[in-house]
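Reader: Hello! I would enjoy a close look at a single part of this model, followed by a walk outward to the rest of the chain. Could you pick one part and take me through it?

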Amino acid sequence: MKKVYVGSTNNNKVQAVKNVFEPYGYEVIGMEVDSGVSAQPKNDLETITGAENRARQLPTDGIRIGLEAGIEILKDELYLTNFGVLITESGKVIRAGGTRFVLPDEIKQAIFVDGLELSDAMDKYFSFKNAKHNSGAIGYFTKDVVKRIDIFDHIAKLLYGSYLYQGEE
(Lines give C-alpha, C1' and ligand atoms only; values in the text may rest on other atoms or scores of the structure.)
Protein backbone atom coordinates (compact mmCIF):
# COMPACT_ATOMS: atom_id res chain seq x y z
CA MET A 1 0.00 0.00 0.00
CA LYS A 2 1.24 3.51 -0.82
CA LYS A 3 1.98 5.68 2.21
CA VAL A 4 1.31 9.30 3.08
CA TYR A 5 2.97 10.68 6.20
CA VAL A 6 1.52 13.73 7.94
CA GLY A 7 3.78 15.80 10.16
CA SER A 8 1.30 15.99 13.01
CA THR A 9 -0.85 13.88 15.28
CA ASN A 10 -3.52 16.59 15.43
CA ASN A 11 -6.75 14.82 14.50
CA ASN A 12 -7.97 17.68 12.25
CA LYS A 13 -4.81 17.55 10.14
CA VAL A 14 -4.49 13.76 9.96
CA GLN A 15 -8.19 13.19 9.27
CA ALA A 16 -8.21 15.83 6.52
CA VAL A 17 -5.37 14.04 4.73
CA LYS A 18 -7.15 10.71 5.24
CA ASN A 19 -10.32 12.17 3.72
CA VAL A 20 -8.43 13.05 0.56
CA PHE A 21 -5.87 10.24 0.17
CA GLU A 22 -7.47 7.08 1.58
CA PRO A 23 -10.10 6.79 -1.20
CA TYR A 24 -7.16 6.52 -3.64
CA GLY A 25 -5.57 3.62 -1.80
CA TYR A 26 -3.10 5.42 0.45
CA GLU A 27 -2.35 4.55 4.05
CA VAL A 28 -2.15 7.82 6.03
CA ILE A 29 0.16 7.94 9.05
CA GLY A 30 0.37 10.90 11.43
CA MET A 31 3.68 11.51 13.17
CA GLU A 32 4.62 14.12 15.75
CA VAL A 33 7.38 16.37 14.42
CA ASP A 34 8.62 19.84 15.27
CA SER A 35 7.68 22.68 12.94
CA GLY A 36 10.95 24.48 13.62
CA VAL A 37 9.10 27.79 13.84
CA SER A 38 7.44 29.60 16.73
CA ALA A 39 4.41 27.98 18.34
CA GLN A 40 2.34 30.77 16.78
CA PRO A 41 3.63 31.52 13.28
CA LYS A 42 3.08 35.24 12.76
CA ASN A 43 3.36 35.62 8.99
CA ASP A 44 2.94 33.64 5.81
CA LEU A 45 6.67 32.95 5.41
CA GLU A 46 6.94 31.49 8.92
CA THR A 47 3.73 29.48 8.42
CA ILE A 48 4.76 27.91 5.11
CA THR A 49 8.26 27.31 6.49
CA GLY A 50 6.71 25.42 9.40
CA ALA A 51 4.68 23.27 7.01
CA GLU A 52 7.77 22.49 4.93
CA ASN A 53 9.87 21.73 8.01
CA ARG A 54 7.23 19.28 9.20
CA ALA A 55 7.19 17.50 5.83
CA ARG A 56 10.99 17.29 5.58
CA GLN A 57 11.27 15.40 8.89
CA LEU A 58 9.04 12.52 7.78
CA PRO A 59 10.12 9.12 6.38
CA THR A 60 11.00 9.18 2.69
CA ASP A 61 9.27 5.93 1.67
CA GLY A 62 6.03 7.76 0.89
CA ILE A 63 4.49 11.15 0.29
CA ARG A 64 5.30 13.61 3.07
CA ILE A 65 2.83 16.33 4.07
CA GLY A 66 3.24 19.21 6.49
CA LEU A 67 0.29 21.41 7.43
CA GLU A 68 0.60 24.61 9.42
CA ALA A 69 -1.80 27.26 10.65
CA GLY A 70 -0.64 30.80 11.26
CA ILE A 71 -1.59 34.44 11.20
CA GLU A 72 -0.77 37.42 9.01
CA ILE A 73 -1.48 41.13 9.37
CA LEU A 74 -2.81 42.82 6.23
CA LYS A 75 -4.20 46.36 6.22
CA ASP A 76 -4.00 46.36 10.04
CA GLU A 77 -6.32 43.35 10.28
CA LEU A 78 -5.28 39.99 11.68
CA TYR A 79 -5.93 37.06 9.37
CA LEU A 80 -5.98 33.36 10.13
CA THR A 81 -3.93 31.58 7.43
CA ASN A 82 -3.04 28.00 6.58
CA PHE A 83 -0.44 26.37 4.36
CA GLY A 84 0.51 22.89 3.30
CA VAL A 85 3.60 21.34 1.74
CA LEU A 86 3.76 17.98 0.02
CA ILE A 87 7.11 16.36 -0.75
CA THR A 88 7.04 13.50 -3.22
CA GLU A 89 9.12 10.35 -2.94
CA SER A 90 11.39 11.81 -5.64
CA GLY A 91 11.87 14.98 -3.55
CA LYS A 92 9.69 17.40 -5.52
CA VAL A 93 8.13 20.07 -3.28
CA ILE A 94 4.52 21.16 -3.83
CA ARG A 95 3.06 24.06 -1.82
CA ALA A 96 -0.51 25.28 -1.31
CA GLY A 97 -2.23 27.93 0.75
CA GLY A 98 -5.74 27.99 2.08
CA THR A 99 -8.36 30.11 3.71
CA ARG A 100 -7.78 33.65 4.94
CA PHE A 101 -10.18 34.87 7.56
CA VAL A 102 -10.18 38.11 9.60
CA LEU A 103 -9.96 37.59 13.36
CA PRO A 104 -11.32 40.05 15.96
CA ASP A 105 -9.16 42.76 17.53
CA GLU A 106 -9.27 40.96 20.91
CA ILE A 107 -7.38 38.08 19.35
CA LYS A 108 -4.89 40.43 17.71
CA GLN A 109 -4.17 42.06 21.08
CA ALA A 110 -3.93 38.73 22.89
CA ILE A 111 -1.32 37.51 20.41
CA PHE A 112 0.76 40.64 19.88
CA VAL A 113 0.41 42.34 23.28
CA ASP A 114 -0.18 39.45 25.69
CA GLY A 115 2.02 37.01 23.73
CA LEU A 116 -0.58 34.24 23.58
CA GLU A 117 -1.00 31.62 20.88
CA LEU A 118 -4.28 31.72 18.96
CA SER A 119 -5.73 28.72 20.83
CA ASP A 120 -4.86 30.31 24.21
CA ALA A 121 -6.35 33.62 23.08
CA MET A 122 -9.57 31.78 22.20
CA ASP A 123 -9.66 30.31 25.70
CA LYS A 124 -9.02 33.68 27.32
CA TYR A 125 -11.47 35.87 25.41
CA PHE A 126 -14.16 33.48 24.24
CA SER A 127 -14.10 30.59 26.76
CA PHE A 128 -13.30 28.21 23.93
CA LYS A 129 -11.43 25.08 24.99
CA ASN A 130 -8.88 23.16 22.93
CA ALA A 131 -9.52 25.09 19.71
CA LYS A 132 -6.80 23.46 17.63
CA HIS A 133 -8.17 19.97 18.24
CA ASN A 134 -11.82 20.91 17.69
CA SER A 135 -13.48 23.20 15.14
CA GLY A 136 -10.88 25.92 15.73
CA ALA A 137 -11.13 29.69 15.62
CA ILE A 138 -12.65 29.45 12.15
CA GLY A 139 -15.40 27.21 13.53
CA TYR A 140 -16.09 29.54 16.42
CA PHE A 141 -16.26 32.69 14.29
CA THR A 142 -18.37 31.06 11.55
CA LYS A 143 -20.75 29.24 13.93
CA ASP A 144 -19.27 25.96 12.63
CA VAL A 145 -20.29 26.65 9.05
CA VAL A 146 -16.56 26.16 8.39
CA LYS A 147 -14.52 23.99 10.73
CA ARG A 148 -10.76 23.62 11.10
CA ILE A 149 -10.78 20.23 9.39
CA ASP A 150 -12.48 21.83 6.36
CA ILE A 151 -9.52 24.16 5.89
CA PHE A 152 -6.97 21.36 6.05
CA ASP A 153 -9.16 19.17 3.85
CA HIS A 154 -9.11 21.93 1.21
CA ILE A 155 -5.32 22.24 1.41
CA ALA A 156 -4.91 18.44 1.18
CA LYS A 157 -7.08 18.50 -1.96
CA LEU A 158 -4.96 21.26 -3.47
CA LEU A 159 -1.79 19.34 -2.71
CA TYR A 160 -3.09 16.04 -4.09
CA GLY A 161 -4.51 17.67 -7.21
CA SER A 162 -1.19 19.43 -7.86
CA TYR A 163 0.64 16.15 -7.26
CA LEU A 164 -1.54 14.45 -9.88
CA TYR A 165 -1.21 17.35 -12.31
CA GLN A 166 2.57 17.21 -12.09
CA GLY A 167 2.46 13.55 -13.04
CA GLU A 168 4.02 12.22 -9.87
CA GLU A 169 1.64 9.28 -9.57
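Author: Happy to. A residue is called buried here if its relative accessible area is under 20%, exposed if that area is over 50%, and partly exposed in between. Please keep in mind that this is a predicted model.

Let us start with helix H3, which covers residues 105–112. Its buried residues are Ile 107, Lys 108, Ala 110 and Ile 111. Because these residues span an arc of only 165° around the axis, they sit on the same side of H3. The general rule behind such a pattern is that an α-helix has 3.6 residues a turn, so residues three or four places apart point the same way. Several elements help to cover the buried residues of H3, among them strands S3 (63–74), S4 (77–87) and S6 (101–103). Helices H4 (118–126) and H5 (136–141) are also part of that cover.

Following the chain onward from H3, we come to Glu 117, in the loop between H3 and H4. Glu 117 counts as partly exposed, because its relative accessibility is 24%. Glu 117 and Asn 82 lie 35 residues apart in sequence, and the C-alpha to C-alpha distance between them is 15 Å.

Two other loops are worth a stop for their backbone angles. Asp 76, in the loop between S3 and S4, has a phi near 65°, which is positive although the residue is not glycine. With a relative accessible area of 57%, Asp 76 is exposed. Lys 143 belongs to the loop between H5 and H6, and its phi of about 55° is again positive in a residue that is not a glycine. Lys 143 counts as exposed too, at 76% relative accessibility.

Now to the strands, beginning with S1 (residues 2–6). S1 runs parallel to S2 (residues 26–30), and 5 bridges join the two. Lys 2 has Tyr 26 as its bridge partner in S2, while Val 4 stands opposite Val 28 of that strand. Between S1 and S2 the chain passes through helix H1 (residues 11–21), making a right-handed β-α-β crossover. S1 also runs parallel to S3, to which 3 bridges join it. On that side, Tyr 5 is found opposite Arg 64 in S3.

Then there is the packing. In soluble globular proteins, nonpolar side chains tend to be buried together. Here the largest nonpolar core has 35 residues, and Val 17, Phe 21 and Ile 65 have the most contacts inside it. Helix H6 (residues 148–165) gives this core its largest share, 7 residues. Apart from that core lies another, of 6 residues, which include Ile 48, Ala 55, Phe 83 and Val 85. Phe 21 shows how far the contacts of one residue can reach along the sequence: leaving aside neighbours within four places, its contacts are Val 4, Tyr 26, Val 28, Ile 63, Ile 65, Leu 86, Ala 156 and Tyr 160.

Helix H2 (residues 44–56) holds Thr 47. Thr 47 counts as buried, because its relative accessibility is 0%. Beyond its neighbours within four places in sequence, Thr 47 is in contact with Pro 41, Glu 68, Ala 69, Gly 70, Ile 71, Thr 81 and Phe 83.

Finally, let us step back to the whole chain. The protein chain has 6 helices and 6 strands, and from the N terminus on its elements follow the order β-α-β-α-β-β-β-β-α-α-α-α. Its radius of gyration is 16 Å, close to the 15 Å that the globule rule gives for 169 residues, so the chain is as compact as a globular protein of that length. The C-alpha trace spans about 45 × 25 × 25 Å along its principal axes. Of the 169 residues, 47% count as buried. Among contacts between residues at least 6 apart in sequence, 54% join residues at least 24 apart.

Key: Residues numbered from 1 in each chain as written. Predicted model: local features only at pLDDT ≥ 70, side-chain atom pairs only at ≥ 80, totals over all residues. Heavy atoms only, no water. Buried < 20%, exposed > 50% of the residue type's maximum accessible area, 1.4 Å probe, protein only. Helix = DSSP H or I, 4+ residues; strand = E, 2+ residues; numbered from the N terminus. Arc of directions from axis to C-beta. Contact = heavy atoms within 4.5 Å. Core = buried A, V, L, I, M, F, W, Y, C linked by side-chain atoms within 4.5 Å. Pairing = 2+ DSSP bridges. Right-handed = clockwise from strand over helix to strand, strands pointing away. Rg over C-alpha atoms; globule rule 2.2 N^0.38 Å.
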